[in-house]
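Trainee: Could we go through this structure together, one question at a time, with the reasoning spelled out?

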Amino acid sequence: MKENKIGLYIHIPFCKSKCLYCDFNSACSKDHLIPGYFDALKHEILLYRESLAGADFATVFIGGGTPSYVDSKYIYETVHWVKQNFNLAEAAEVTMEANPGTLTVGKLETYAVSGINRISMGLQAWQEPLLKSLGRIHTSEDFVENYKQARKAGFKNINIDLIFGLPGQQLSDWEETLYRVMELNPEHISCYSLKIEEGTGFGQKLEEGKIEVIDDVLDREMYYLAQKKFGENGYKQYEISNFAKEGYVSEHNLIYWKGMEYIGLGAGAHSYYEGERFNNKPDIEEYIGFIERNVIPRENEEVIGQDEKMTEFMILGLRLIDGISIRQFNASFGEDIFHVFGEALGKLQKKELIKIEADRIKLSSLGLDMANQVFLEFI
Ligand code: SF4
């Protein structure tokens, strides 16, 4: 793929109920806003049409929230509208997030017809008590059923999202989850270590002493186990938390990690375009109101200067297992990477947190474990 491609993110902020760990911009009990929200999305596309006439979109990611919660006609119309008004590459990766418990065969068939070619399904954990404790609305049987339906509907590129380090989770639970997921043979697996955020259900439970954060050593054991098991079963780790079979890396996420441009549509969606970073107002009603008045409700507009761009290049690029290219850094910024970050790189190399091999700088295995500490050196 060309490096000048641009991504499109479309946010669907509706969910059936709120998961206890969730700090995404998502709402339940606001279903009455769904029709107006999709009208606003179409309208936002029109508002962008002229200024994005020269942009070539290589990926679309419909995320949430739970895009599979709403009537699939809205998704169909939105994708259709994107194709009509933006330049979407013929071979574009078009992903949609879906949650078990909100999917049907009919919906999946509509997604396939609309041109969605990648489904990202949230499983998170296998065991019923853990799913319940997370506030998920589905069982693992629901998940398997929906997964099989997605295959039947023709999806050949499926991601499964997992979370580890859950309160009360044992290493054996995690091992079973890995085993069950690999049995299904998805093309891509994302697994993130749980971070309990303030303002979430888990955040409150933690404050009240009702749950405990998992032991750090166990959290790392779970991560190593995933790396080992996925590696043994043909999944190549290509980012700190992402594993894929050959040819199935997430092109859309690569746009973020490579510091390339993207436009976000919908409430709270973030964009990075022509050197500026901004996001839409997150409140759904406010977003709809602004769009109805022909205004894209941008906030936090910030021009990204050269220093910040260089820092982001390092922080985002080092998330990738292949790391960053020294030549690319030097050519993009007209500066020598060792002149700009020599001190940080020297320190990290001494601590064996990074490896410098020919043209590439990458995290070491130790660095993968302590990535946040590495990233701090560039700030
Ligand atoms: S389904 Fe996803 S977006 Fe919705 S509440 Fe759960 S974690 Fe949040």
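Trainee: Into which domains is the chain divided?

Mentor: Before answering, note that this is a predicted model, in which local features need pLDDT of at least 70 and side-chain atom pairs count only at pLDDT 80 or more, while totals for chains, interfaces and linings use all residues. Residues are numbered from 1 along each chain as its sequence is written. With the bounds coming from an automatic or database domain assignment, the chain is divided into domain 1 (6–257) and domain 2 (306–376).

Trainee: Which element supplies the largest share of the side of domain 1 that touches domain 2?

Mentor: Seven residues of domain 1 are in contact with eight residues of domain 2, where contact requires C-beta atoms, placed from the backbone, to lie within 7 Å. On that side of domain 1, strand E7 (236–239) and helix H9 (251–257) each supply at least two residues, the elements being DSSP runs numbered from the N terminus, with at least four residues for a helix (H or I) and at least two for a strand (E). The largest share, three residues, comes from E7.

Trainee: How are helices H1 and H2 oriented to each other?

Mentor: Helix H1 (residues 34–49) and helix H2 (residues 72–85) pack with their axes 10 Å apart and at an angle of about 5°, the axes being lines fitted to C-alpha atoms over the stretch in contact and the angles running from 0 to 180 degrees between N-to-C directions. Angles under 35 degrees count as roughly parallel, over 145 as roughly antiparallel, 65 to 115 as roughly perpendicular and the rest as oblique. H1 and H2 are therefore roughly parallel.

Trainee: Is Ile158 buried or exposed?

Mentor: Ile158 lies in strand E5 (residues 158–164), and its contacts, leaving aside neighbours within four places in sequence, are Ile119, Met121, Tyr147, Ala150, Pro186 and Glu187. A residue is buried if 20 or more other C-beta atoms, placed from the backbone, lie within 10 Å of its own, exposed if 12 or fewer, and partly exposed in between. Because 20 other C-beta atoms lie within 10 Å of Ile158, this residue is buried.

Trainee: How many residues around the ligand are charged?

Mentor: The residues around the ligand, each with its C-beta atom, placed from the backbone, within 6 Å of it, include Cys15, Lys18, Phe24 and Asn99. Ala, Val, Leu, Ile, Met, Phe, Trp, Tyr, Cys and Pro count as nonpolar, Asp, Glu, Lys and Arg as charged, and the others, Gly among them, as polar. The shell divides into four nonpolar, five polar and, for the charged residues, one.

Technical notes:
Contact = placed C-beta atoms within 7 Å.
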